[in-house]
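Dear colleague,

I am handing over the structure we spoke about, so that you can look through it alongside my notes. What I found in it follows below, grouped by region.

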Amino acid sequence: MNVTDPIADMLTRIRNASAARHRELTLPSSKVKREIARILVEEGFIDGYDTQPNGVQDQLVVRLKYVEGRTPVVSGLKRISKPGLRVYARKTEIPRVLGGLGLAILSTSRGIMTGTQARKLNLGGEVLCYVW
């Protein structure tokens, strides 16, 4: 299936799977999606992820995390920079999500990282999404 915005597709699949209380979900893999999944694991929003070979394109298997087995840890995901409207932030303009409770994921010249890491390295970049 040809998807115009693969990052928005990934975020929507995570949102839908957590609302349906699934333990894991499978989606087409890419380097950007693996980096976003790595950040979500480091920040404690998901349990983990693996890549599995599947013909031409690998599959990314994401294991979701729940509080007491019921409430999803990921309560919200929002795509900010879209293919039709890119959103960039300077190093001094990096947004804080929910007063620091959530995180902004940025694509910088040194790779994909959280807003906090970009602030420490004095880097700006494209604001990919918010997670809370």
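The side chain of Arg-79 comes to 3.1 Å from the backbone oxygen of Leu-128, and a polar atom of that same side chain also lies 2.6 Å from the backbone oxygen of Ser-81. Please bear in mind throughout that this is a predicted model, and that the distances are to be read accordingly. Arg-79 belongs to strand 6, and with a relative accessible area of 11% it falls under the 20% limit, so Arg-79 counts as buried. If neighbours within four places in sequence are left aside, the contacts of Arg-79 are Asp-5, Ile-7, Ala-8, Leu-11, Arg-86, Leu-128 and Cys-129. Of these residues, Cys-129 is the one that stands opposite Arg-79 in strand 10, while Ile-7, Ala-8 and Leu-11 are among the buried residues of helix 1.

That leads to strand 10 and its partners. Strand 6, residues 77-79, is joined to strand 10 by three bridges, and the two run antiparallel. Strand 7, which covers residues 88-89, is likewise antiparallel to strand 10 and is joined to it by two bridges, with Tyr-88 standing opposite Glu-126. Strand 8, residues 103-108, also runs antiparallel to strand 10, through five bridges, and here Leu-103 is placed opposite Val-131. How much of strand 10 is buried? Six of its seven residues, which span positions 125-131, are buried, so the strand is largely enclosed by the rest of the structure.

Leu-103 turns up again in the surroundings of Thr-114, a residue of strand 9, which covers residues 111-114. Thr-114 has a relative accessibility of 3% and therefore counts as buried. Not counting residues up to four places away in sequence, Thr-114 touches Ile-39, Glu-43, Leu-103 and Ala-104, and of these Ile-39 is one of the buried residues of helix 2.

A separate group of strands forms an open sheet of three, in the order 1-3-2 and with antiparallel pairing. Strand 1 (24-28) and strand 2 (46-52) are at the edges, each with a single partner strand, so one side of each has no neighbour in the sheet. From one strand to the next the twist averages 20 degrees. Strand 2 and strand 3, the latter made of residues 59-64, run antiparallel and are joined by six bridges, and within this pair Gln-52 stands opposite Gln-59.

Two helices pack on this sheet. Helix 1, residues 6-19, touches strand 1 and strand 3, and its direction makes about 160 degrees with that of strand 1. Helix 2 lies across strand 1, strand 2 and strand 3, and runs at about 155 degrees to strand 2.

Taking helix 1 in more detail, its 14 residues should span 20 Å at 1.5 Å a residue, and because its end C-alpha atoms are indeed 20 Å apart, the two values agree. The buried residues of helix 1 are Ile-7, Ala-8, Asp-9, Met-10, Leu-11, Ile-14, Ala-17 and Ser-18. Asn-16, which also sits in helix 1, has a relative accessibility of 49% and so counts as partly exposed; the exposed class begins only over 50%. The C-alpha atom of Asn-16 is separated by 16 Å from that of Ala-37, which is 21 residues away along the chain. After helix 1 comes Arg-21, with a positive phi near 60 degrees.

For helix 2, residues 31-42, the expected span of its 12 residues is 16 Å at 1.5 Å a residue, and the 17 Å between its end C-alpha atoms agrees with this. Which residues of helix 2 are buried? They are Lys-33, Ile-36, Ala-37, Ile-39 and Leu-40. Seen down the helix axis, the buried residues of helix 2 fall within an arc of 160 degrees, so they line one face of the helix. Just after helix 2, Gly-44 takes a positive phi of about 85 degrees.

With best regards

Technical notes
Residues are numbered from 1 along each chain as its sequence is written. This is a predicted model: local features need pLDDT of at least 70, side-chain atom pairs count only at pLDDT 80 or more; totals for chains, interfaces and linings use all residues. Side-chain values use heavy atoms; hydrogens and water are left out. Buried means under 20% relative accessible area, exposed over 50%, partly exposed in between (1.4 Å probe, protein chains only). Helices (H or I, at least four residues) and strands (E, at least two) are DSSP runs, numbered from the N terminus. Two strands pair if DSSP finds at least two bridges between them. The expected span of a helix is 1.5 Å times one less than its number of residues. The arc is that of the directions from the helix axis to the C-beta atoms. A polar contact is a pair of N or O atoms within 3.5 Å; within protein, one must be able to donate a hydrogen and the other to accept it, and residues adjacent in sequence count only if both atoms are side-chain atoms. Contact means heavy atoms within 4.5 Å. Axes are lines fitted to C-alpha atoms, for helices over the stretch in contact, and angles run from 0 to 180 degrees between N-to-C directions.
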